[in-house]
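Trainee: Got a few minutes to go through a model with me? I'd like to ask things as they come up.
Mentor: Sure, put it on the screen and fire away.

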Amino acid sequence: MKSISRIPGFSLYPVIWLIGGLCLITTKAPADTLVVPNYAATNQANNDSEATFSIILREQIVYSASEFPIYPIIISEIRWRPDTSVGGPITTTISNIQIYLSTTRVQPDQLNSIFAQNLGPDNTLVFSGAMHVTSTFTTLSNGTKDFDIDLPLQTPFLFDSSQGSLLVDLHNFTGCNASLYDNSLANIVDAVSRIVNTSDPNGTSASFSDSGGGVIELIYSPASGPPVIASQPTNETVSVGETATFTVVASGPSPVYYQWFVNDTNNPIFGATTNSLTLVNLQTYQGGSYFVRVTNAYGLTFSSNAVLTVSSLPKVTSEPANQTVLPGGVATFMVFAYSVA
């Protein structure tokens, strides 16, 4: 990784990453954190653990793509948290451990018992060597343990959730001389599963599978690229005088800017510069195609068109009134309305 000088007028510092022979540019800003599975960010069951670091093993864990941002990220560190009862405080060293990351098409609970069948085409060795662990066994305000079993990666990993799920392939060659148990999570949200060989760190097949898996916290930064639209604006049909709202959900390296248009880019809507556009007291002439342009420092993305139909339904000015008549009598109901042009 190599830092370069600040670009005038740019609020962040660009950083060049060399990953797998590719040159990627991101911005040097405070790193983001992500707990996967997401459910575990504020939930930790008692005595739900695994011995990933204590014993010799090979373990593959897959985390569903749905747990990650929709834009590419660069993972620079992985953290684990201790089990609530037998996880620490502890200081120890795993003398020889290797971790590979890859993007796999395999989903949780679909891992093949043959390890090689699960690896993605971008399988990358991100750490190899001794892993030094110091866990203070701290309980956070939400009742979970702190993610303080941390491992900065020797090689950052580019992960794009649109291409598949994240596979962690861990080879523990030595184990450690302490009872180090990291927190795991049952697959109650179908977000994680694992397979394990508990005797051979270079094993080719698993000795058992588990529909749950270890909880991790990733330290990452967005990779460079234009915004990605996760949710498009949808068509609206309203009557004259009513209100319509269009909304887009977009993600990507910040800051992100919005500009709404009607029919074409020659017709920007003044002041419409957020992810939501609200039009009030609509008239028939305002019907048309509405869309938004989303931009950041790396490019722009247009949403799909959302068609607004403003219907000129008749306007009722006088409602029919209740009537009471004798048997055999005649009742007449009348309504007065006019058409809105």
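Trainee: Where is Phe 137 found?
Mentor: Phe 137 is in the loop between β9 and β10 (149-159). Strands here are DSSP runs of E with at least two residues, helices are runs of H or I with at least four residues, and both are numbered from the N terminus.

Trainee: Before I go on, what kind of model is this, and what was filtered?
Mentor: This is a predicted model, where local features need pLDDT of at least 70 and side-chain atom pairs count only at pLDDT 80 or more, while totals for chains, interfaces and linings use all residues. Residues are numbered from 1 along each chain as its sequence is written, and side-chain values use heavy atoms, with hydrogens and water left out.

Trainee: Back to Phe 137, then. What is its phi near?
Mentor: Phi of Phe 137 is near 60°, a positive value in a residue other than glycine. Most residues other than glycine have a negative phi.

Trainee: And is Phe 137 buried or exposed?
Mentor: Phe 137 counts as buried, because its relative accessibility is 19% and buried means under 20% relative accessible area, with exposed over 50% and partly exposed in between (1.4 Å probe, protein chains only).

Trainee: Which other residue has a positive phi?
Mentor: Asp 109 has a phi near 70°, and it is not a glycine either. Asp 109 sits in the loop between β8 (90-104) and β9 (124-135). With a relative accessible area of 45%, Asp 109 is partly exposed.

Trainee: Switching to omega: where is there a cis peptide bond?
Mentor: A cis bond joins Val 36 and Pro 37, with omega about -5°. Pro 37 is placed in the loop between β4 (32-36) and β5. The bond from Ser 254 to Pro 255 is also cis, with omega near 0°. As a reminder, most peptide bonds are trans.

Trainee: What is around Pro 255, and which loop is that?
Mentor: Pro 255 lies in the loop between β20 (249-251) and β21 (257-262). Leaving aside neighbours within four places in sequence, Pro 255 is in contact (heavy atoms within 4.5 Å) with Thr 295 and Asn 296. The C-alpha atoms of Pro 255 and Ala 297 are separated by 7.6 Å, although these residues are 42 apart along the chain. Pro 255 counts as partly exposed, at 36% relative accessibility.

Trainee: Now the charges. How many salt bridges does a search of the whole structure find?
Mentor: The search finds 6 salt bridges, each being a side-chain nitrogen of Lys or Arg within 4 Å of a carboxyl oxygen of Asp or Glu. Glu 50, Glu 59, Arg 194 and Asp 210 are linked in a network of them.

Trainee: What are the N to O distances for Arg 194 in that network?
Mentor: For Arg 194 and Glu 50, the closest N and O atoms are 3.0 Å apart. For Arg 194 and Glu 59, the closest N and O atoms are 2.6 Å apart. For Arg 194 and Asp 210, N to O is 3.3 Å.

Trainee: Why does the Glu 59 pair tie together parts apart in sequence?
Mentor: Because Glu 59 lies in strand β6 (residues 57-63) and Arg 194 in strand β13, the pair ties together parts that are 135 residues apart in sequence.

Trainee: Is Arg 194 buried or exposed?
Mentor: Arg 194 is buried, with a relative accessible area of 11%. Glu 50 counts as buried at 4%, and Glu 59 is buried as well. Asp 210 is partly exposed, at 29%.

Trainee: Let's zoom out. How many helices and strands are there?
Mentor: The chain has 0 helices and 28 strands. Of its 341 residues, 44% count as buried. Among contacts with a separation of 6 or more, 76% are between residues 24 or more positions apart.

Trainee: Which residues touch the most other members in the largest nonpolar core?
Mentor: Of its 37 residues, those are Phe 53, Phe 68, Trp 80, Leu 101, Met 131 and Leu 166. Such a core is a set of buried Ala, Val, Leu, Ile, Met, Phe, Trp, Tyr and Cys residues joined through side-chain atoms within 4.5 Å. A second, separate core of 20 residues includes Tyr 258, Ile 269, Ala 272 and Val 292.
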